[in-house]
Amino acid sequence: MGRDTWVFSVMKVLHVCMVITASLSGAESSDLLEKKYQVLYKKLISFLYANASCKLTLSFPGRVFSWLTKKHPEFIQLLKELISRKQIEILGGGYYNPVFPLLLPMDRSGQIEMYGSELSSALGKRPRGMMVYGSVWDSSLISSLYGSGIEYVLLDNSLIPHAKRQLLPLLVTEQGKSVKVLPFIHEGTVIPSHEDVDSYLLNVKKGAEKLLKKHNDYGEEERTVCIAFDSDRFLSLLDDGWIERLYKTAQESYAGTINFSYPQEYLHRHTALLPAYIAPGIQSDIAQWGLVPYMPQENKTGYPITIYDFLSTYPRNHALYDRMIYIGMLIANCHGDKARKKLAREKLWQAQTGSAFVCDPEGIFATNAIRQNAYRALTEAEKIVRDCLPAGKAFVESVTSYDYNADGLDEYVCQMQSFDACISRKGASITELDIMHNTGNYADNLKRIEKFDKVDDRYERGLFVEHLFTQEEMRDYKKGLPTGSGIFSQVSFTQAGFDKKRHEIKLTGLGEYSALKLPVSLRKNYIINSNGFTVQYILKNESPLALKAALLVESNFAQTDFSSADCNSYSVEVIAGGERRNLDALTAPESMSDISYMQITDTANDISFVYEPNEDADITCMPLYFHRPQFQSEVPQIAGTTFVASLCWNVDLAAGMEMEKTINFTIITPKRRRRGKKSAPNLSDVQ
């Protein structure tokens, strides 16, 4: 008996389920969705309608399906007819394509229910199966899926233990709840693509034979293999007739051995399940990016890469996760207007889109625009929460201290009238600044990496980051070059005092200056108010020698205008020597001396940040560009920009002496300008 004959005498029939996944996130413009409809979905539905024997499984992002329902009801009607013909299955999932393990249970079930209701309303049938974004899996999902009426989930085959790869549905359990898992492979990876469809189907058979020769615990049970096609790839195969030839060849040459089906049809007819435990992980082609930033690496650790490993490798993704958890906590603890609370939760769900947290298999990461859109949705959610307090209660500003980002150190979370901020003990800098005027996180900055930017940054780029430079280091800094030994940008500050009622934080950092390693200390005191901060610095020379240096206070403002990759939407106005001036730092570093007032304006949102030092300072402003690899390009592309604004004072301290500087930092929003409140002096009036 031949090899192929043997394997199919054991398993009778191999059921092939072809799953079409969308490459869109659902956040695209209506014009882009219309183009996708015309070039893909319209062709796909026409092909299926004309070929009644062809069966497929379709997966849409929730917002894409809603758009189709609104703009192309004729498409939805045809989907209903194909479902009634038992020709297709529509998968469910989270409405906003979230990374499920990062969500609280109520958000998991809420997103699944939201999309399930949308599908049920439009198609008359609730989904029983779903896909998980990036196959990011954790066994804690089982209870949420079970409680949401999901019977099975499709997961990438790379997550499945080798002994369990027997072309059978798996049964996974958690605390008495269970769901089925159907493993899938990606078209063009495990099974290579061929122009010759007969060769392709033969490879499917050989792949099944190879697996069952290693493990086969269920004898003659009929088996199944799910093959996922990206929608763009499927379109190209559809256009050249490959898909039509595939179905025809299977019917004519492989009848009785290969049958095209969809998951629900197979599961309804076949009951054999293989109990299994699936460890937390991510599909392998995404996990390869989770070890070293922006560089694919083979995982030789012996342990699967989890979503938390991925977030640890990419701090900006982790920062967005921290903010998401914080807003989720605020919504959960809100006991006011139920309708407003529901609206706030939907805004939270919008921010949970998976493309903001995890890259795609080609290593295309979340852009600044995607992250800032998520931050903006979270800000809108918080504004709604503030407005839905119980009757008689008003929003109360607060500064609290707890481990906000799970790094083992307490951060200081400031919830003020005009903004939210997070102050880190590392560098005592502001690592998050969310303005309530519907904007994102102004501290959402990348770091330069030598492989892509030719230089390495040695610290996280927040606001109010301090450096102590020599004159030579200061010259390099003004050129935009990384310099210095990390005083005080890399120092972990200790808490010297914290007054919740006065909104006052006192921190102390210690460091060693220059090659002589002269001990120095910096006391940094924040007093937080409704519209900004007062930051006081007391620098002390703790050494027996004189200290000459430059104390520099640096703030990095993330870009909010994404009209072009290298856009710089920030303008600078200063008062120097009693005169009003504009500083041109749009494309290159610029410096100016003896400044008593500096106003940085985000022209894209008409929001200004005002610095008023108690003593005149020198300033340096510059745009910085962060480059990252891009799919199908050997040259790193601009992946983000930030605008650097720094104030500097010369330091000349004898042994044991200290100096004090103070900066008043004010945030001016358009609403405050319209009401005519005094937020910062008019530059023409200060002269």
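Are Trp289 and Phe365 buried or exposed? Both of them are buried, and the first view shows how their rings meet. A heads-up before the close-ups: this is a predicted model.

**View 1. Trp289 and Phe365 meet edge-to-face.** The ring centres sit 6.0 Å apart, with 85 degrees between the planes. Trp289 belongs to the loop between helix 11 (284-287) and helix 12 (307-313), while Phe365 is in the loop between helix 14 (338-351) and helix 15 (368-387), so the pair ties together parts that are 76 residues apart in sequence. Searching the whole structure turns up 35 aromatic pairs.

**View 2. Phe557 and Tyr570 make a tilted pair.** Why call this one tilted? Here the ring centres are 5.9 Å apart and the planes are at 40 degrees, so the pair gets that label. Phe557 sits in strand 20 (residues 547-558) and Tyr570 in strand 21 (residues 570-576), 13 residues apart. Phe557 is buried, at 0% relative accessibility, and Tyr570 is buried too, with a relative accessible area of 2%. Both rings are part of one aromatic cluster, whose members also include Phe419, Tyr442, Phe464 and Phe533.

**View 3. Leu433, Phe464, Phe533 and Met598 have the most contacts inside the largest nonpolar core.** This core has 63 residues. Its largest share, six residues, comes from strand 26 (residues 633-653). Another core, of 57 residues, lies apart from it, with Cys54, Leu123, Leu235 and Trp349 among them.

**View 4. Glu466 and Lys524 form a buried salt bridge.** The closest N and O atoms are 2.6 Å apart. Glu466 comes from strand 15 (residues 465-469) and Lys524 from strand 18 (residues 518-529), so to speak two distant parts of the chain, 58 residues apart. Relative accessible area is 0% for Glu466 and 0% for Lys524. Elsewhere, salt bridges that share partners join Arg323, Glu382, Arg386, Asp420, Glu432 and Asp434 into one network.

**View 5. Helix 5 supplies acidic partners for two salt bridges, through Asp107 and Glu113.** Asp107 pairs with Arg345, the closest N and O atoms being 2.7 Å apart. Arg345 lies in helix 14, 238 residues apart from Asp107, and both residues are buried. Glu113 pairs with Arg126 at 3.0 Å, N to O. Arg126 is in the loop between helix 5 and strand 4 (129-131). What about exposure here? Arg126 is partly exposed, with a relative accessible area of 29%, and Glu113 is also partly exposed, at 39%.

**View 6. Asn97 sits in the loop between strand 3 (88-90) and helix 5.** Asn97 counts as partly exposed, with 23% relative accessibility. Leaving out residues up to four places away in sequence, Asn97 touches Pro61, Gln111, Tyr133, Gln352, Thr353 and Gly354. Asn97 and Met131 are 34 residues apart in sequence, yet 9.3 Å apart in space, C-alpha to C-alpha.

**View 7. Helix 3 (residues 62-71) has buried residues covered by other helices.** The buried ones are Gly62, Val64, Phe65, Ser66, Trp67 and Leu68. Their cover includes helix 2 (30-50), helix 4 (73-84) and helix 5 (105-123).

**View 8. Leu104, Met106 and Ile325 form a nonpolar patch on the surface.** Together they offer about 220 Å² of accessible area. Ile325 is found in helix 13 (residues 315-332) and is partly exposed, with a relative accessible area of 30%.

Definitions and conventions:
Residues are numbered from 1 along each chain as its sequence is written. This is a predicted model: local features need pLDDT of at least 70, side-chain atom pairs count only at pLDDT 80 or more; totals for chains, interfaces and linings use all residues. Side-chain values use heavy atoms; hydrogens and water are left out. Buried means under 20% relative accessible area, exposed over 50%, partly exposed in between (1.4 Å probe, protein chains only). Helices (H or I, at least four residues) and strands (E, at least two) are DSSP runs, numbered from the N terminus. Contact means heavy atoms within 4.5 Å. Patches are made of residues with over 30% relative accessible area and no salt bridge: like charges are joined within 9 Å, nonpolar side chains (Val, Leu, Ile, Met, Phe, Trp, Tyr) within 5 Å. Accessible areas come from the Shrake-Rupley method with a 1.4 Å probe; for residues, only the protein chains shown count as cover. A salt bridge is a side-chain nitrogen of Lys or Arg within 4 Å of a carboxyl oxygen of Asp or Glu. A nonpolar core is a set of buried Ala, Val, Leu, Ile, Met, Phe, Trp, Tyr and Cys residues joined through side-chain atoms within 4.5 Å. Rings of Phe, Tyr and Trp (its six-membered ring) pair if their centres lie within 6.5 Å; planes under 30 degrees apart count as stacked, over 60 as edge-to-face and the rest as tilted.
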